[in-house]
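User: I am new to this structure. Please take a close look at how its helices pack, and then at what lies around that packing.

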Amino acid sequence: MPNRAVIQSIGMAVADRVMTNDEFEAIIDTTDEWIQTRTGIKERRIAEPGQSSSYFGIRAAKEALERAGKSPEEVEMVVCATVTGDYLFPGTACLIQDAIGAKNAGAYDLGAACAGFIYAAEAAAGMICNGTVQNAVVVGIDTLTHFVDWKDRSTCVLFGDGGGAVFMERQKDTERGIVATVMLADGSGARHIKIALGGSLNPPHSARGEAACGYIYMAGKEVFRFAVRAMADSCSRVLEKAGLTSDDVALFCPHQANLRIITAAADHLGLSMDRVFVNVHKYGNMGAGSIPVALYEAEQQGKLKRGDLVMTVGFGAGLVWGANLIRW
Ligand code: UT7
């Protein structure tokens, strides 16, 4: 039997501060009713100034290691999926690696927006299965509210801060682990979700930077249509790749951006909602953090047990999308 990259444990960390829909009624022209019907979100977590992505990533990674019973010195790689790293450079993975004491590990960031955890889990699994490393800590974390325009009602209600981390390691003679992955992209849709300021095209302290916007821009309707297609597309492909059907899936754990997108995808796949994990009402969209937090809570609530087949799917800025089938 070939090597498998098995998720042995999971940790999570979200911001403490809860912001309800009612609070938005005081600052923008919106209602709790609009937000709930259009998105499914009731509240989200908001990071304080100075609580960066590494702040949450460190906490999640420490919990994952503790729950796996591993010492930090044993970790060989830290991969951090984020688009809201503490800095342009150094990488947030390096900050996490240092803070958790993973002295013998490599560390790098991977930016695939809300599909980041899918891409990062596969990147780590590849290194683990081909023998480059024995194990990895894979973090999915974002603090998107640091980049929202609190006056833009079409975006500011959608996001929240936090994420999770898993400890993954090589195992033989097991059915557990990453079973199959698909990863796709369409850069022609890059303009639909972005932060224009801060990269090498529009650097800060430059004429171009001065003209660029530092807030999250999102063409909601275009992204909505793309998201529904992308979810269905990547789930069908990953099931076909593994020679399985949606009947084999114990739990569907999608990126939590909008309840309407999740139910449309579940419908398409013929999955009843009792096999779909939803926590968007509590957290909003946490970027690369949504999927690991959903996996964590599904496990805590007894909806995801060892040996179950779980299908994760994510989509976001790039545009990128993808899905993992994981035997938990
Ligand atoms: O993880 C990254 C991927 N991102 C996503 O998955 C987000 C995908 N998009 C969406 O989830 C939805 O498109 C939104 C939730 C962002 C918007 O929902 P929608 O049903 O597509 O609304 P809309 O953009 O078509 O806007 C309908 C109306 C507009 O008013 P008019 O032009 O019809 O008068 C908006 O101005 O709703 C208005 N609107 C709001 N009203 C009250 C937009 N935001 C709000 C708001 N409160 N917060």
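Analyst: What follows starts with one helix pair and then moves outward.

This is a predicted model, in which local features need pLDDT of at least 70, side-chain atom pairs count only at pLDDT 80 or more, and totals for chains, interfaces and linings use all residues. Residues are numbered from 1 along each chain as its sequence is written, and side-chain values use heavy atoms, with hydrogens and water left out.

Start with helix α3 (residues 53–68) and helix α4 (residues 92–100). Their axes come within 9 Å and cross at roughly 50°. Axes here are lines fitted to C-alpha atoms, for helices over the stretch in contact, and angles run from 0 to 180 degrees between N-to-C directions. Helices (H or I, at least four residues) and strands (E, at least two) are DSSP runs, numbered from the N terminus. The pair is therefore oblique. Angles under 35 degrees count as roughly parallel, over 145 as roughly antiparallel, 65 to 115 as roughly perpendicular and the rest as oblique.

The crossing of α3 past α4 is right-handed. That term means the near helix is turned clockwise from the far one by less than a right angle; anticlockwise would be left-handed. On α3, the contact uses S53, S54, G57, I58, A61, K62 and L65. On α4, it uses T92, L95, I96, A99 and I100. Contact means heavy atoms within 4.5 Å. By class, seven of these residues are nonpolar, four polar and one charged. Ala, Val, Leu, Ile, Met, Phe, Trp, Tyr, Cys and Pro count as nonpolar, Asp, Glu, Lys and Arg as charged, and the others, Gly among them, as polar.

Next, the loop that leads to α4. P90 sits between β4 (77–81) and α4. The peptide bond from F89 to P90 is cis, with omega near 0°.

A second pair is α7 (residues 220–242) and α8 (residues 259–269). They pack at about 35°, with axes 9 Å apart. Again, α7 passes α8 in a right-handed crossing. F224, M231 and C235 are among the α7 residues in contact, and I261, A265 and L269 are among those of α8. This contact has 11 nonpolar, two polar and one charged residues.

Last, the ligand. Of the 23 residues around it, T30, R38, K221, N258 and N285 come nearest. A residue counts as near if one of its heavy atoms lies within 4 Å. A polar side-chain atom of R38 is 2.8 Å from a ligand oxygen. For H255, the distance from a side-chain N or O atom to a ligand oxygen is 3.0 Å.

Methods
Polar contact = N/O pair within 3.5 Å; in protein donor to acceptor, adjacent residues only side chain to side chain.
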